[in-house]
Structures are given as C-alpha cells and as structure tokens.
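Me: I am new to this structure and would like a close look at a single part of it. Please take one helix and its surroundings, and then lead me on to a neighbouring loop in one connected account.

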Amino acid sequence: MELNNQDLYCQVLGSIMKEPILLHNVPSKITLEDFHSENKICRAIFFAINGIANNEIREIDCNMIVAYLDQYPTIKKAFGRNGPEVVDICLEKGDPESFQVYYAQLKKTSLLRDLLNHGYNVSLYDFTSCVPG
C-alpha cells in the first residue's frame, strides 16, 4: 500500500513550480494534508510554493523556495540539506501538461490515507491506480 508516493509528489510540485497558476486552477484546493506527514521535504516544498505562487510569478526555482523558507526556521530544518536535490527532481519530473492527472491522483491518495487514518478498510482498493505512469 503506497500512500506516501514521493514520485507523485514531485510530479505535482514540479508541475506547479513550472506553472504556478496551476495551483489556483483546481477544483479542490491542494493543502499540506495532501502530502503524507512523514514526507517532510515535500511538505516543506509545498509550503513554500503555496506561499510564493500567485498570478504574477511565472516559475518557481530552488532559490525562491530557500529564501521563502528562511522566514520559517522549523520548516526550513525539515527541508534540510536534501531539499535542493528534491526540488531538482521535482523540476525534472514535473509536466504541466499532465498536471490534471497528477492532481487527481494526489487527491485520491490523500482521501484514501484519510479514510485509512479514520479506521476504514481500504485494503480492497487497487493502489497501483494511484501511481502516475
């Protein structure tokens, strides 16, 4: 059961970094809770992207993320030394053209994790359908 899918997170985050307007063009807002609590680096990247993204920003890079996180020492600590490497992976994997697929899979995974955390049996669900191609 894979409900902490870093590849999926990188695809979503990288797509948004390449086209920040995507963050605001979704049916249901992406939140920090859509990212598994154990994946602290991706959560820190999303926190920064969410704070930076607006209609005027054309692209978000690692320097912008680091500068934003400088205001939040606790979150920057979670970003850590490996954060810039994960940002590079996000930018490599992100594809704005496929964002809607990634977004749907992110929300599906988040919902299943929430149901599981509330005691529901989700063992019959095919988790491979949550993994982007």
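**A helix, its partner and two buried polar residues**

Reply: It should be said at the outset that this is a predicted model. At 8% relative accessibility, N5 falls under the 20% limit and therefore counts as buried, and this residue sits in the segment that comes before α1, the helix of residues 6-18. The side chain of N5 reaches two backbone nitrogens, that of D7 at 3.1 Å and that of L8 at 3.0 Å. Although 31 residues separate N5 from H36 in sequence, their C-alpha atoms are 8.2 Å apart in space, and this leads on to the loop between α1 and α2, where H36 is found. H36 has a relative accessible area of 15%, so this residue is buried, and a polar atom of the H36 side chain lies 3.0 Å from the backbone nitrogen of E38.

Beyond that loop comes the helix you asked to see closely. Helix α2 covers residues 40-52, helix α5 covers residues 83-93, and their axes come within 10 Å of each other, crossing at roughly 70 degrees. Because angles from 65 to 115 degrees count as roughly perpendicular, α2 is described as roughly perpendicular to α5. On the α2 side of this meeting are I41, C42 and I45, while G83, V86, V87 and C90 belong to α5. Sorted by character, the residues of this contact between α2 and α5 comprise six that are nonpolar and one that is polar, with no charged residue.

One of these contact residues, I45, also leads into the interior. The largest nonpolar core has 34 residues, and those with the most contacts inside this core are I30, I45, I49 and I65. The elements that give two or more residues to the core are α1, α2, α3 (62-69), α5 and α6 (99-117), with α2 supplying the largest share, eight residues. For a view of such a position in the core, I49 is a useful example: leaving aside residues up to four places away in sequence, I49 touches L13, I16, M17, L23, I60 and I65. Of these neighbours, I65 is itself listed with I49 among the residues that have the most contacts inside the core.

Taken together, α2 can be followed from its roughly perpendicular meeting with α5 to its eight residues in the largest nonpolar core, while the loop between α1 and α2 holds H36, a residue that is buried.

Definitions and conventions: Residues are numbered from 1 along each chain as its sequence is written. This is a predicted model: local features need pLDDT of at least 70, side-chain atom pairs count only at pLDDT 80 or more; totals for chains, interfaces and linings use all residues. Side-chain values use heavy atoms; hydrogens and water are left out. Axes are lines fitted to C-alpha atoms, for helices over the stretch in contact, and angles run from 0 to 180 degrees between N-to-C directions. Helices (H or I, at least four residues) and strands (E, at least two) are DSSP runs, numbered from the N terminus. Angles under 35 degrees count as roughly parallel, over 145 as roughly antiparallel, 65 to 115 as roughly perpendicular and the rest as oblique. Contact means heavy atoms within 4.5 Å. Ala, Val, Leu, Ile, Met, Phe, Trp, Tyr, Cys and Pro count as nonpolar, Asp, Glu, Lys and Arg as charged, and the others, Gly among them, as polar. Buried means under 20% relative accessible area, exposed over 50%, partly exposed in between (1.4 Å probe, protein chains only). A polar contact is a pair of N or O atoms within 3.5 Å; within protein, one must be able to donate a hydrogen and the other to accept it, and residues adjacent in sequence count only if both atoms are side-chain atoms. A nonpolar core is a set of buried Ala, Val, Leu, Ile, Met, Phe, Trp, Tyr and Cys residues joined through side-chain atoms within 4.5 Å.
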